[in-house]
Every structure is written in structure tokens, then in C-alpha cells.
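Please open the model in your viewer and keep the sequence panel visible beside it. The tour proceeds from one selection to the next.

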Amino acid sequence: MHKEAVRPKMAYRLLNPGCVVLVSAGDGDRDGVFAMTWNMPVRKSPGTVALLSGKRHHTYGIIERTRELGISVPDVSLVNAVYGCGTTSGNHGVDKWERFGITRQAPEIIRAPLVEQAIATLECRVEQVVDMGPSALIIAEILSARAAPEHFTPGGAWRFDSGLQLIHHMGGTAFGVTSSVVHAKLPKD
Ligand SMILES: Cc1cc2nc3c(=O)[nH]c(=O)nc-3n(C[C@H](O)[C@H](O)[C@H](O)COP(=O)(O)O)c2cc1C
């Protein structure tokens, strides 16, 4: 999918409103990808995200070594691939890309492949890892971001007139969908 550059200060908005994402890592030789719900923007400038990953994940091992990761934002068309990538581990030798019908897209800066079919992608460098026992809280700086122009405006907002449906994990096989925007108003006095 064609994606255009997103201004660094607006890149955090690609992670609003809390979509499930595909996190990838790679060292040029091996790579991995998994589904992640626990992600959030934590700073606008420089754009920074916080991500919670299980330490035993195959992909986490590569993130730990390379200190880089890719984030790919899926729309509803990728829901089966997201579920598959979240319930299968690369530790068992599965090529999730082939199995779940996603394609590697070349990154611009990092070595981790991105997901071609995603509507937006972010390339990140790990800044800090907070040990949380079986999990690691990864704080990473966004180095570059791209989004499909039919789904994300240059001003930094998702546009739903394109029919866009963003997905959120509700537990198990259930995913919620965001497909419209309402504008809030304050009382007159
Ligand atoms: C929808 C969904 C969301 C998930 N979110 C997270 C998450 O936020 N953090 C995490 O560590 N694992 C999460 N998982 C689990 C991992 O994606 C899963 O353990 C995956 O198999 C790890 O892959 P890997 O071992 O190939 O890296 C999620 C799973 C699903 C299905």
C-alpha cells in the first residue's frame, strides 16, 4: 500500500485511538512479527511510544539484540492476520508472514521489515527497557512514520470517509471497530 511521510510531531496520532498493532523486528537475517494491544504514545516530540512485550516472545529476543522495532497499523482487512500473529510464535519455526498472508515491506531506517498491507507504519529505536518480570516495558523513539493518504490527513487525523475501520482487541477472537468520528461541543455558557 502506498504510504506518505507523516510529520514527526503528528506520528503519535497513528497510535490513537489505541489500535492493536503488529510489532516487527529483524537483523537482516532473521525476523519476527507479533500482535500487540498494549501500546501507547507517551511523548509528542520527539515522538515516543511505550510497548509492553513478553520477554519470551521470539520477536522480543530480536528487539533486545537490535534495539529497533517496526510498528504496522492494520485495518479490519488484516484482522485474521493479527489474530494469527498473536497466537503463533516464531519460537516454533513458523514463518508467520507466509502463513498469515502478510508481506514484508522494506524499512527506510531500521532493519526490521514492516507490513506492506498495513495502513501506516512507524520505525522506532529502543531508548529504554523497564524490567517488569516476565514482561518488558519498551520505551522507543519514533524515527519515521508513513501513512496511506486516503486514510490519514496531512494535518494528522484518521479519515473515516474512506471507509476505514480501525481494530481494537476486546479479548479472545473479538475485535472492536472504530469507523467514524463525532465532534464534541462545550455548553454555551
Ligand atoms: C490481539 C492480540 C494482542 C496481543 N497483545 C500483546 C501485547 O500487547 N503484548 C504482548 O507481549 N503480547 C501480546 N499478544 C501475544 C503475542 O502476540 C503472542 O504471544 C505472539 O505469539 C508472540 O509472537 P513471537 O513469539 O513470534 O514473537 C497479543 C496477542 C493477540 C492475539
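Begin by selecting Arg67, the residue that follows helix 1; its phi is positive, near 60°. Please bear in mind throughout that this is a predicted model.

**Helix 1 and its cover**

Step back from Arg67 and select helix 1 itself, residues 58-66. Which residues of helix 1 are buried? They are His58, Thr59, Tyr60, Ile62 and Ile63. Now display the elements that cover these buried residues: among them are strand 2 (21-26), strand 3, strand 5, strand 6, strand 9 and strand 10.

**The loop before helix 1**

Next, select Lys55, which lies in the loop between strand 5 and helix 1. Is Lys55 buried or exposed? Lys55 counts as partly exposed, because it has 14 C-beta neighbours inside 10 Å, whereas a buried residue would require 20 or more and an exposed one 12 or fewer. Leaving aside residues up to four places away in sequence, Lys55 touches Tyr60, Pro134, Ser135 and Ala136. Of these partners, Tyr60 is one of the buried residues of helix 1. For a distance to check in the viewer, take the C-alpha atoms of Lys55 and Arg65: these residues are 10 apart along the chain, and the atoms are separated by 12 Å.

**The ligand shell**

Now centre the view on the ligand. How many residues surround the ligand? The shell comprises 22 residues, and the closest are Phe34, Thr59, Gly86, Ser89 and Gly90. Colour the elements that give two or more residues to this shell: strand 3 (31-36), strand 5 (48-54), helix 1 (58-66) and helix 2 (79-87). Thr59, already met as a buried residue of helix 1, is thus also among the residues closest to the ligand. If the shell is coloured by class, 8 residues appear as nonpolar and 14 as polar, with no charged residues.

**Strands 6, 9 and 10**

Select strand 6 (residues 68-73) together with strand 9 (residues 120-132); the two run antiparallel and are joined by 6 bridges. Within this pair, Glu68 stands opposite Arg125 of strand 9. Add strand 10 (residues 135-147), which is antiparallel to strand 9 and joined to it by 12 bridges. Here the bridge partner of Gln128 is Ile139, in strand 10. At the hairpin of strand 9 and strand 10, 2 residues lie between the strands, and Gly133 takes a positive phi near 75°.

**Beyond strand 10**

Continue to Pro149, in the loop between strand 10 and strand 11 (166-171). Pro149 has 14 C-beta neighbours inside 10 Å and therefore counts as partly exposed. Measured against Tyr12, its position is 137 residues away in sequence and 16 Å away in space, C-alpha to C-alpha.

Then select strand 11 with strand 12 (residues 174-178), an antiparallel pair over 5 bridges. Gly171 has Ala174, in strand 12, as its bridge partner. These strands form a hairpin with 2 residues between them, and Gly172 in the turn has a positive phi of about 55°.

**The whole chain**

Finally, zoom out to the protein chain, which contains 3 helices and 12 strands. Its radius of gyration is 16 Å, close to the 16 Å that the globule rule gives for 189 residues, so the chain is as compact as a globular protein of that length. Of the 189 residues, 37% count as buried. Among contacts with a separation of 6 or more, 64% join residues 24 or more positions apart.

Technical notes
Residues are numbered from 1 along each chain as its sequence is written. This is a predicted model: local features need pLDDT of at least 70, side-chain atom pairs count only at pLDDT 80 or more; totals for chains, interfaces and linings use all residues. A residue is near a molecule or strand if its C-beta atom, placed from the backbone, lies within 6 Å of it. Helices (H or I, at least four residues) and strands (E, at least two) are DSSP runs, numbered from the N terminus. Ala, Val, Leu, Ile, Met, Phe, Trp, Tyr, Cys and Pro count as nonpolar, Asp, Glu, Lys and Arg as charged, and the others, Gly among them, as polar. Two strands pair if DSSP finds at least two bridges between them. Two residues are in contact if their C-beta atoms, placed from the backbone, lie within 7 Å. The radius of gyration is taken over C-alpha atoms; the globule rule is 2.2 Å times the number of residues to the power 0.38.
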